[in-house]
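Thank you all for making time this morning. I would like to walk you through a structure that is new to most of you, so please keep it open in front of you while I talk.

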Amino acid sequence: ALEDTARSESTEQQFKRLLCEANIHRRQNAMEKAIICFRKCLQIKPGTLSVYIYLAKALENCQRCDEAYKVLQECIFTNSENPKAFDLMIDFCMNNDRYGEAKMLVQEALKLDSDNLHLHVKRCKILFHLGEFQNVIHFSSKILAKCRGRCVALRLLYVESIMKTMNLQSWHCGSSDTHSDSVRVQSLCESLQRIIKMAPKNVRAKMLYADLLHYQGKLEEAQKILRQAIVLDASQFS
């Protein structure tokens with residue numbers, strides 16, 4: 001029993017040493033060396049989620065995306081009950097324009113953790129990218145009701161999806177200028193005002209608000225908001 005304990009401690013120490021070496025290599029941007037160490041870590045402790053995260057990111061940094069994809073598939077296989085494993089692959093698919101696959105993965109992840117707001121936001125982002133605006137409106141409105149509208153990202157996706165379903169250009173030109181359209185545009189403006197109050201540095205919210213003001217013919221106000229958005233955008237990258 002003592003021999004088994006010693007062997008176990010030795011294995012644990014070896015794992016920690018390799019993981020430490022891998023992270024040092026990663027911080028020094030020596031990705032190839034980091035990849036070797038991370039792979040050795042998985043040989044010692046197969047299925048370790050954190051190691052899969054680092055290994056996949058290191059492979060992506062080396063432009064070895066096919067290998068990263070296989071690593072993430074293995075991660076899901078060995079961590080099939082953990083939504084974080086799916087989350088990694090979802091990010092990979094979104095970053096590599098594989099939104100159809102990302103859509104299926106986020107549905108599986110939500111089966112494991114249906115109350116995960118982070119996953120609900122991702123699902124709506126994926127659906128928005130795929131042009132499924134009615135689905136974004138449906139899902140985001142349900143989740144916003146549960147979280148009392150506190151999620152800025154979902155509120156923005158909800159508003160922008162409604163804007164996508166409206167022919168705002170025709171409404172602005174007067175070819176479909178109805179009272180109901182005007183009411184909807186005003187309602188969207190009020191929604192964006194509330195979002196901006198919640199997140200005053202949100203560039204996207206200000207850009208959308210400026211668009212709606214423009215469609216309403218409020219050009220001076222639209223230009224003012226647009227300038228604010230441009231200044232904010234520049235400051236975030238300075």
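Let me begin with Asn-79, which sits in the loop between helix H4, residues 65-78, and helix H5. Please bear in mind from the outset that what you are looking at is a predicted model. Is Asn-79 buried or exposed? Its relative accessible area is 14%, and because the cut-off for a buried residue is under 20%, Asn-79 counts as buried. If we set aside the neighbours within four places in sequence, the residues in contact with Asn-79 are Gly-47, Leu-49, Tyr-52 and Ala-85.

Two other loop residues make a useful contrast. Asn-29 is found in the loop between helix H1, residues 2-27, and helix H2, residues 31-44, and it has a positive phi of about 65 degrees although it is not a glycine. Gln-63, in the loop between helix H3, residues 49-61, and H4, also has a positive phi without being a glycine, in this case near 60 degrees. As for accessibility, Asn-29 counts as exposed at 60%, and Gln-63 is exposed as well, with a relative accessible area of 65%.

Stepping back to the whole protein, what does the secondary structure come to? There are 13 helices and 0 strands, so please do not spend time searching for a sheet, because a strand would have to be a DSSP run of at least two residues and the count of strands is 0. Of the 238 residues in the protein, 41% are buried. Looking at contacts between residues at least 6 apart in sequence, we find that 50% of them join residues at least 24 apart.

Now to helix H7, which covers residues 117-129 and has 13 residues, reaching 18 Å from its first C-alpha to its last, close to the 18 Å expected for it. At its N-terminal end, Asn-116 acts as a cap, with a side-chain oxygen 3.0 Å from the backbone nitrogen of His-118. Beyond the other end, H7 is followed by Gly-131, whose phi is positive, near 80 degrees. The buried residues of H7 include Leu-119, Val-121, Ile-126, Leu-127 and Phe-128, but also Lys-122 and Arg-123. Which helices help to cover them? Among them are H5, residues 83-95, H6, residues 99-112, H8, residues 133-146, and H9, residues 152-165.

The last two of those helices also pack against one another. Two packed helices are described by the angle between their axes and the distance between those axes. For H8 and H9, the angle is about 150 degrees and the axes are 9 Å apart, and H8 passes H9 in a left-handed crossing. The residues of this contact divide into 9 nonpolar, 5 polar and 2 charged. On the H8 side they include Phe-133, Val-136 and Ile-137, and on the H9 side they include Leu-154, Arg-155 and Lys-164.

I will finish with Leu-192, which lies in helix H11, residues 179-198, and is buried, with a relative accessible area of 0%. What is Leu-192 in contact with, once neighbours within four places in sequence are left aside? The residues are Leu-156, Val-159, Ala-205, Leu-208, Tyr-209 and Leu-212. Lys-206 is 14 residues from Leu-192 in sequence, and the two are 7.7 Å apart in space, C-alpha to C-alpha.

Key
Residues numbered from 1 in each chain as written. Predicted model: local features only at pLDDT ≥ 70, side-chain atom pairs only at ≥ 80, totals over all residues. Heavy atoms only, no water. Helix = DSSP H or I, 4+ residues; strand = E, 2+ residues; numbered from the N terminus. Expected span 1.5 Å × (residues − 1). Buried < 20%, exposed > 50% of the residue type's maximum accessible area, 1.4 Å probe, protein only. Contact = heavy atoms within 4.5 Å. Polar contact = N/O pair within 3.5 Å; in protein donor to acceptor, adjacent residues only side chain to side chain. Axes fitted to C-alpha atoms, helices over the stretch in contact; angles between N-to-C directions. Left-handed = near helix turned anticlockwise from the far one by under 90°. Nonpolar A, V, L, I, M, F, W, Y, C, P; charged D, E, K, R; others polar.
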